[in-house]
Amino acid sequence: MIGAPLALLLGCAPRPVPPPPPPGAGTVIELETGTVSTADRDTILRLVATAPVRPCFEALLAGRPTAYGEVVVRFTIGTTGIVEAAAADFATLGDADSESCVAASTRAVAFPNRDTPITVLYPFVLVTERTPPEVVRALKARYGLLSEAETTVSGDPRTPPPPGVLVLW
């Protein structure tokens, strides 16, 4: 108890703690089906990235301006291209309403018709300019989203990238 006030008196803030690892391997997308063409995968990635998650995160930021985290959504695209089921499979936002909102936002995305239903596991990484750079880096690294510029900073992958390299919310 004495450590935190002492750190504040000395002008040192406690170090941010990176989020816990998600269940399973960190991949940008996991398609749970037999065979999926590259074109099919690319279409799904392109379309799910249009899910209207921004209002969900902005509502959370209104009450907690320093909030950040991830929501890994598992959703099923039916044969008609409509999302039939969607739920947060893993989340670190710390707000159940925002996490549910992000999952529900995938229902607004219209996909092309399919021969068979497909289940997708997709991570939404939600950060702002207030998010500590090392946390942003850890979240982006988890899902293979680091740019080449970010992976070559001083040769050490644990080194945060310099200011201005990250494109944030």
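## Close-up views of a predicted model

**View 1. Arg114 makes a polar contact with the backbone of Thr116.** Let us start with a single side chain: that of Arg114 comes to 2.9 Å from the backbone oxygen of Thr116. The model shown here and in the views below is predicted. Arg114 sits in the loop that links helix H4 (96-105) to strand E4.

**View 2. Arg114 is a buried loop residue.** With a relative accessible area of 17%, Arg114 counts as buried, because the cut-off for that class is under 20%. Which residues does Arg114 touch, leaving aside those up to four places away in sequence? They are Asp40, Ile44, Ile77, Gly78 and Thr79. One of these, Ile77, belongs to strand E2, which spans residues 69-77.

**View 3. Strands E2 and E4 pair in an antiparallel arrangement.** Follow the loop of Arg114 onward and you arrive at E4, made up of residues 118-126. Nine bridges connect E4 with E2. To find your way along the pair, look for Val72, whose bridge partner in E4 is Pro123. E4 is mostly covered, with eight of its nine residues buried.

**View 4. Val73 in strand E2 is buried.** Next to Val72 in the numbering comes Val73, also a residue of E2. How much relative accessible area does Val73 have? The value is 0%, so Val73 falls in the buried class. Beyond the residues up to four places away in sequence, Val73 touches several residues of E4, namely Val120, Leu121, Tyr122 and Phe124. Its contacts also include Val102 and Ala103, and these two positions lie within the range of helix H4 (96-105). Thr106 is another residue that Val73 touches.

**View 5. Val73 and Asp89 come together across a stretch of chain.** Along the chain, 16 residues separate Val73 from Asp89, yet their C-alpha atoms are 5.4 Å apart. Asp89 is among the residues in contact with Val73, and so are Ala86, Ala87 and Ala88.

**View 6. The whole protein combines six helices and four strands.** Stepping back, here is the setting for the close-ups. Read from the N terminus, the elements follow the order α-β-α-α-β-β-α-β-α-α. The protein has 169 residues, and 36% of them are buried. Of the contacts between residues at least 6 apart in sequence, 70% link residues at least 24 apart. The exposed surface comes to about 9,600 Å², with 60% supplied by carbon and sulfur atoms.

Note on methods. Residues numbered from 1 in each chain as written. Predicted model: local features only at pLDDT ≥ 70, side-chain atom pairs only at ≥ 80, totals over all residues. Heavy atoms only, no water. Buried < 20%, exposed > 50% of the residue type's maximum accessible area, 1.4 Å probe, protein only. Contact = heavy atoms within 4.5 Å. Areas by Shrake-Rupley, 256 points an atom, 1.4 Å probe, with all protein chains shown as cover. Pairing = 2+ DSSP bridges. Polar contact = N/O pair within 3.5 Å; in protein donor to acceptor, adjacent residues only side chain to side chain.
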